[in-house]
Amino acid sequence: MKFAELTAPKLRALDREKTIILSPIAAVEQHGPHLPTGTDTIICTAIAEAIEQRHPDSVLLLPTYWLGASAHHLRFEATLTANLDSYIASLCEIARPLLDNGHRRFMLLNGHGGNIDPLRVALRQLQEEYHDVLLSGAAYWSIAGSVIADALDGAHKTVGHACEFETSMIMHLRPELVDTKELRDAGELVPGEVEGLYLPRDMKQRTREGCTGRPDLATAEKGAKMFTGIVERVSTAVQAMLDEPLPS
């Protein structure tokens, strides 16, 4: 079920306890010299729509919220962003009307690394207001990390930025948007953590061209394989949230 395609009477008739609201959140930002700025939104939307197709009677899919917390990309330009306070507030505002209308299960499916911290803060803020709602959220790669790691050939076995993973996924989903002549080893990635200490470095400080890992190793075949595996794992997680007892 897609929220934007249903009438108000059909939405009002849904079983609030047996339906989970799936809210995909992503970003529009620079993705190095070879991928489109909408990469995160394209991937996250495709995964979310595949999940809705697997659970047509129990998942209520919201439109993808494409604006992300992307300030760490601004020095490469070609980036749209919300500041952190605004972003946290916007995530809460997406959820509140639905929760006020009695929905009891709500899940944020994230497709952008910069959204991870504000996602968690937003869910904690919402939990203070809605004690009887099952709130959940994660980046899809947190749910499907082993699927992704097993498919990658480069040394970076996690989702980076315009990396082997994201490039493979866009080659699978929207191959016409990949500038293949710009594919190359992204070079050294300066760490964002040293001795367990978090360092808030932006992408200009961490990368040469705003991308990471080995996009030159990407293939559409890897993308197709990972997409299938990710959808399987996220589908399992969604079902777990449908089966989870509601809090009181």
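How far apart are the end C-alpha atoms of helix 4, and what span should its 14 residues have? This is a predicted model, in which local features need pLDDT of at least 70 and side-chain atom pairs count only at pLDDT 80 or more, while totals for chains, interfaces and linings use all residues. Residues are numbered from 1 along each chain as its sequence is written, and side-chain values use heavy atoms, without hydrogens and water.

Helices here are DSSP runs of H or I with at least four residues, strands are runs of E with at least two, and both are numbered from the N terminus. Helix 4 covers residues 116-129; at 1.5 Å a residue it should span 20 Å, and its end C-alpha atoms are 21 Å apart, which agrees. The expected span is 1.5 Å times one less than the number of residues.

Pro118, Leu119, Ala122, Leu123 and Leu126 of helix 4 are buried (under 20% relative accessible area, 1.4 Å probe, protein chains only). Seen down the helix axis, these buried residues fall within an arc of 135°, taken from the directions from the axis to the C-beta atoms, so they line one face. They pack against strand 1 (20-25), helix 3 (84-100), strand 3 (105-110) and strand 4 (134-139), contact meaning heavy atoms within 4.5 Å. On the other side of helix 4, Asp117, Arg120, Arg124 and Glu128 are exposed, that is, over 50%.

Helix 4 also gives the largest share of the lining of the largest pocket, 3 residues. That lining has 36 residues, of which His72, Gly113, Gly114, Tyr198 and Arg206 lie nearest the pocket's centre. A pocket is an open set of points on a 1 Å grid over the protein atoms alone, with protein on both sides within 12 Å along at least five of seven lines, and lining residues have an atom within 4 Å of a point.

Methods:
On a 1 Å grid over the protein atoms alone, a cavity is a set of points where a 1.4 Å probe fits but cannot get out, and a pocket is an open set with protein on both sides within 12 Å along at least five of seven lines; lining residues have an atom within 4 Å of a point.
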